[in-house]
Amino acid sequence: MDDRFDLIVVGGGTAGLAAAIEACDGGLRVLVVEKDSRIGGTLHTTGGHVAGAGTRRQIQRGIQDSPDVWLKDIARITRGLFREDIIAPVVEHAHEFVDWLDDNGFAFDPSTPRIIYGHEPYETPRTHCGIDAGLSILAVFKPLLEAHIEAGRAQLWLNAPVTELLTDGAGAVTGVTAYTGGRDVQVTAPAVLIATGGFGADPEMFADLVGLPLVSGAHPTATGDGLLLGEAVGAGLQGDGVYLPTFGGLPHPTTPGRVQWEERPLLTATERLPWEIYVDKHGKRWVREDELSIDAKERALVDVEDLTFWTVFDDRAVDESVPMVVNWTPDDVRQRANVRAGVHKADSLVELAQAAGIDPDGLLDTVERYNEAVDAGGPDETGREFLPARIEKAPFYAMRNHGVTLVTFIGLDVDGQARVRRSDGSTIDGLYAAGEVIGATATTGQSFCSGMLITPSVVHARLFAARLAAGQR
Ligand SMILES: Cc1cc2nc3c(=O)[nH]c(=O)nc-3n(C[C@H](O)[C@H](O)[C@H](O)COP(=O)(O)OP(=O)(O)OC[C@H]3O[C@@H](n4cnc5c(N)ncnc54)[C@H](O)[C@@H]3O)c2cc1C
């Protein structure tokens with residue numbers, strides 16, 4: 001294969017791989033430039049939930065769904081805060097992607113499509129995923145890309161961070177500079193797709209753009225490179241001022257500022273009714289723990305100091321409210337207390353507060369008032385109605401949680417056809433973006449709609465590549 005390319009894809013992750021495969025299918029010559037030593041990006045970390053309306057699997061299971069119904073569900077969950085020009089084609093075409101996965105041997109989790117309750121739930125079962133989360137998607141993408149490489153339609157450069165976009169005198173993007181083999185290499189193409197993901201693993205950019213403390217569960221390569229590359233050639237940003245953490249996460253056992261997604265406290269009341277209370281560092285409660293809407297809890301968390309709270313419960317709750325943490329048995333809770341970072345146990349509430357870093361007087365007062373509400377049969381001062389038992393049986397437990405950043409909401413502004421725009425709304429010739437680099441606000445507002453990061457990443461990438469292959473710009 002010679003070194004003339006029709007398309008350079010910056011980032012061989014979720015969106016980038018989808019675009020590269022589709023573009024090669026359409027006869028284009030594609031270069032994928034990836035900074036990591038392997039392809040896949042966040043597919044190595046993600047839950048891998050993909051949504052689709054009118055998929056073959058839905059039809060086989062008698063599930064009635066349509067793009068219109070799905071769009072209404074998204075509008076309800078996001079309260080209308082999403083880009084309709086971006087999402088309309090996604091809901092229209094997502095079923096083609098899910099069926100395409102199916103055609104290419106995707107290992108579906110047999111329980112899907114289903115409704116996911118970890119986020120504000122859709123009204124229709126339309127979330128699909130593989131048995132191996134994001135890796136099931138990668139297992140489809142990888143051999144398809146390899147076949148295109150083998151056939152000479154694609155090239156893949158690994159360990160090759162793109163450091164700069166090349167432009168001509170009129171400001172059009174004409175290629176990239178990548179650092180590879182110990183030197184800067186310039187390569188040109190009439191189209192460059194930025195598919196570098198979000199910035200949820202970059203504390204500095206996060207502080208700069210979001211202004212809140214970062215505790216991250218994002219994939220480590222999500223360092224916002226695409227935003228910097230785009231801004232350097234005049235791109236505008238969208239999603240400014242929007243942020244929503246995922247609700248709760250224990251501190252990472254060894255790495256400050258990170259969490260382990262696999263080991264998350266189960267805090268959705270639709271999945272486990274809470275026997276615990278949530279307190280801030282002053283020992284004050286700030287939301288009713290039995291709130292069924294996880295979205296309402298996530299929004300309340302944004303106003304909690306340091307985005308940090310503790311779940312506080314007694315020994316009886318350990319047996320009655322299971323699992324406190326995904327995959328943990330009651331014995332795990334008892335054994336990991338005072339061993340695993342963020343999990344505390346003590347014989348009195350005062351000792352517990354001191355060990356955990358909560359104000360002891362505040363906690364004592366809060367537990368006393370909670371217990372009074374239990375005795376009175378509720379509801380309590382937060383409006384909580386599920387009041388199963390007093391918090392009184394020692395030992396007492398506190399688990400430290402932080403609002404967790406899995407995805408970032410600010411990104412490059414694009415039009416409905418993935419063309420990157422300047423802040424005056426004009427498009428930058430030759431430059432396109434897809435995936436989380438456009439910011440989650442565009443696709444899921446200030447909320448989490450199931451599948452509404454991966455699905456738009458892939459569907460937009462595929463549509464863009466198909467347009468390019470058809471000669472449209
Ligand atoms: C724990 C977790 C669970 C999630 N669960 C879901 C879910 O179930 N459903 C859902 O829809 N979303 C989910 N998400 C979000 C979703 O997975 C991501 O938003 C999406 O996969 C991002 O795709 P992307 O193509 O934009 O970026 P990525 O898949 O991260 O790909 C970006 C690629 O670009 C490369 N790159 C970056 N900078 C450069 C550079 N300068 N030069 C060259 N290469 C570069 C990176 O190394 C990476 O390979 C989850 C996220 C996390 C962290």
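1. In this note, Ala, Val, Leu, Ile, Met, Phe, Trp, Tyr, Cys and Pro count as nonpolar, Asp, Glu, Lys and Arg as charged, and the others, Gly among them, as polar. On that basis, the shell around the ligand in this predicted model comprises 16 nonpolar, 21 polar and 5 charged residues.

2. The ligand has 42 residues around it, of which Gly11, Gly13, Gly41, Gly197 and Gly435 come nearest. Two helices, α1 (14–25) and α14 (454–469), each supply at least two residues of this shell.

3. The domain assignment divides the chain into domain 1 (7–200 + 406–469) and domain 2 (261–402). Their C-alpha centres lie 38 Å apart. The contact between them draws 6 residues from domain 1 and 6 residues from domain 2. On the side of domain 1 that touches domain 2, the residues are 2 nonpolar, 3 polar and 1 charged.

4. An open sheet of 6 strands follows the order β5-β2-β1-β9-β17-β16, and its pairing is mixed. Strands β5 (154–157) and β16 (419–421) form the edges, each pairing on one side only. From one strand to the next, the twist averages 30°.

5. Within this sheet, strands β1 (residues 7–10) and β9 (residues 191–194) run parallel and are joined by 4 bridges. Val9 has Leu193 in β9 as its bridge partner.

6. Two helices are noted against the strands. Helix α1, which also contributes to the ligand shell, lies across β1, β2 (30–33), β5 and β9, running at about 165° to β2. Helix α7 (residues 225–232) lies across β1, β9, β16 and β17 (427–433), and runs at about 140° to β9.

Note on methods:
Residues are numbered from 1 along each chain as its sequence is written. This is a predicted model: local features need pLDDT of at least 70, side-chain atom pairs count only at pLDDT 80 or more; totals for chains, interfaces and linings use all residues. A residue is near a molecule or strand if its C-beta atom, placed from the backbone, lies within 6 Å of it. Domain bounds come from an automatic or database domain assignment. Two residues are in contact if their C-beta atoms, placed from the backbone, lie within 7 Å. Two strands pair if DSSP finds at least two bridges between them. Axes are lines fitted to C-alpha atoms, for helices over the stretch in contact, and angles run from 0 to 180 degrees between N-to-C directions.
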